[in-house]
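Good morning, colleagues. In this short presentation I shall go through one structure, with attention to charged pairs, the ligand site and some local backbone features.

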Amino acid sequence: MIGSANGTRIGITGLGVHVPERVVTNDDLAQYVDTTDEWIVDRTGIHERRMITEDQALTDIALPAARAALEDAGATPDDIDLLICATVTPDMMFPTASALMANTLGAEKAAAYDLLAGCTGFMYAIAQAYGMIAAGLSRRALVVGGDVLSSILDWTDRSTLVLFGDGAGAVVMEPVDHGGFLGFELGADGGGGVHLQYPGSGSRKFENPESMLRMNGREVYKFATRVMVSSAEAVLAECGRTIDEVDVYVPHQANKRIIDHAVGKLGVPPERTVVNVDRFGNTSSGSIPLALADARTDGRLRDGALVLMTGMGAGLTWGSALIEWTAPSASGGRG
Ligand code: UT7
């Protein structure tokens, strides 16, 4: 699926993130599996990640992110008529994390649903919110992306345990008077889905009584290096833009080697690329908003900056978005 905005200005007016307090280092994980800090840093670029404690679940970290995004947008829960939560680790399948959050926040007018698209969930969710707002169904949407993959990892499997972390981010989306999304490209290949699975997690559980994340890392790596480039190129072409015009490149934070490959192939100057996989690992649906927040902290999300985001993950799925950033005006508003 691919499309450009054709002049409809819908942007991000609020951004908030939250990660658990507990820092888990590579050496900490070496107590559970046969691995070393050197291997993990060399093959992935990850130094540490955050993980929830045993008495925490997704909404415990997603709600603070949602509240921060609302505050950043100068919006109240009452202003929100759509709440989408992209996650593969909701507190439970139902009630959905989004409905629970809408209730806790007091967003009584909001339609609320969870969206399953693996690590690409946040990209799918912002495209959906864009479509709902463009169609006139929603005026202001709260899009949350977050996962607590530590809760579904096999703590005896070194090939997956070291890669993931927990984290969440949220954005408020609404019409803006300048800037906004220029286009999206989203895709899925269920044929490759077997390479990144959570077997036993749904109604086919009779085939897999155990329920833990399983991954064929080499196959996902090949897929990732391909789609991180093809999806970004597709959305740029659709919007009539070139990579040279991109001010901030926000790739999914799965592995520093995958990011480096995409940066090289696309020809993005490394200094325009956001990297925080070293601090957070792969936070799945939290990855892109956490990286956006770091870009803003670094002062890179200036008004008018052209931002390219690309995610990929289970499904297998991928998705890119191109947006001209709308920063708050001197008066504090965005339009
Ligand atoms: O959002 C999408 C989520 N997933 C991804 O993006 C993952 C994509 N894949 C990758 O990032 C990489 O494939 C990995 C980081 C998972 C693995 O890196 P690799 O360079 O492809 O390693 P490999 O799978 O080819 O394994 C090389 C060796 C193997 O040993 P042998 O068979 O050569 O003796 C593994 O058993 O490294 C071994 N190994 C480890 N050694 C120490 C695998 N994991 C570890 C580990 N510590 N944690």
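**Salt bridges, ligand site and backbone features**

Let me begin with Glu207 and Arg204, whose side chains meet in a salt bridge with an N to O distance of 3.3 Å. Please bear in mind throughout that this is a predicted model. Glu207 has a relative accessibility of 49% and therefore counts as partly exposed. Arg204, at 53%, counts as exposed. As a general remark, side chains of opposite charge can pair when their charged atoms come close.

How many salt bridges does the count come to? The count comes to 17. One of these is the pair Asp154 and Arg214, with the closest N and O atoms 3.0 Å apart. This pair links distant parts of the chain: Asp154 sits in the loop between β7 and α6 (158-161), Arg214 belongs to strand β11 (residues 214-215), and 60 residues separate the two. Is Asp154 buried or exposed? Asp154 is buried, because its relative accessible area is 10%, and buried means under 20%. Arg214, with a relative accessible area of 25%, is partly exposed. The two residues also belong to a network of salt bridges that links Asp154, Asp157, Glu210 and Arg214.

A further salt bridge is formed by Arg279 and Asp294, and here the closest N and O atoms are 2.7 Å apart. This pair, too, links distant parts of the chain, with Arg279 in helix α9 (residues 277-280) and Asp294 in helix α10 (residues 287-297), 15 residues apart. Arg279 is partly exposed, with a relative accessible area of 33%, whereas Asp294 counts as buried at 15% relative accessibility.

The loop between α9 and α10 deserves a remark of its own, as Ser284 is placed there. The phi angle of Ser284 is near 55°, a positive value in a residue other than glycine. With a relative accessibility of 1%, Ser284 counts as buried.

I turn now to the ligand. Which residues are the closest to the ligand? Of the 23 residues that surround the ligand, the closest are Thr35, Arg43, Arg158, Arg218 and Asn255. For Arg43, a polar side-chain atom lies 2.7 Å from an oxygen atom of the ligand. For Asn255, an N or O atom of the side chain is 2.7 Å from an oxygen atom of the ligand. Arg257 also places a polar side-chain atom 3.2 Å from a ligand oxygen. Taken alone, the ligand exposes 950 Å², and the protein buries 76% of that area.

Next, the cis peptide bonds. One joins Phe94 and Pro95, with omega at about 0°. Phe94 is found in the loop between β5 (82-86) and α4 (97-105), and Pro95 lies in the loop between β5 and α4 as well. Phe94 is exposed, with a relative accessible area of 69%. Together with Met93 and Leu116, Phe94 makes a nonpolar surface patch of about 410 Å².

Another cis peptide bond runs from Gly315 to Leu316, where omega is near -5°. Leu316 is found in the loop between β13 (306-313) and β14. Strand β14 comprises residues 317-324, and Thr317 lies in this strand. Thr317 counts as buried, because its relative accessibility is 7% and the limit for buried is under 20%.

What does the side chain of Thr317 meet in polar contacts? A polar atom of this side chain lies 3.1 Å from the backbone oxygen of Ala117. A polar contact of 2.7 Å also joins the side chains of Thr317 and Thr120. Leaving aside residues up to four places away in sequence, Thr317 touches Ala117, Thr120, Tyr124, Gly187, Ala188, Phe223 and Met312.

I close with Leu137, which is found in the loop between α5 (121-134) and β7 (141-148). Leu137 is exposed, with a relative accessible area of 66%. Not counting residues up to four places away in sequence, Leu137 touches Asp81 and Met132. Its C-alpha atom is separated by 10 Å from that of Ala111, and the two residues are 26 residues apart along the chain.

Technical notes
Residues numbered from 1 in each chain as written. Predicted model: local features only at pLDDT ≥ 70, side-chain atom pairs only at ≥ 80, totals over all residues. Heavy atoms only, no water. Patch = residues over 30% accessible without salt bridge, like charges linked within 9 Å, V, L, I, M, F, W, Y side chains within 5 Å. Areas by Shrake-Rupley, 256 points an atom, 1.4 Å probe, with all protein chains shown as cover. Salt bridge = Lys/Arg side-chain N within 4 Å of Asp/Glu carboxyl O. Helix = DSSP H or I, 4+ residues; strand = E, 2+ residues; numbered from the N terminus. Buried < 20%, exposed > 50% of the residue type's maximum accessible area, 1.4 Å probe, protein only. Near = heavy atom within 4 Å. Polar contact = N/O pair within 3.5 Å; in protein donor to acceptor, adjacent residues only side chain to side chain. Contact = heavy atoms within 4.5 Å.
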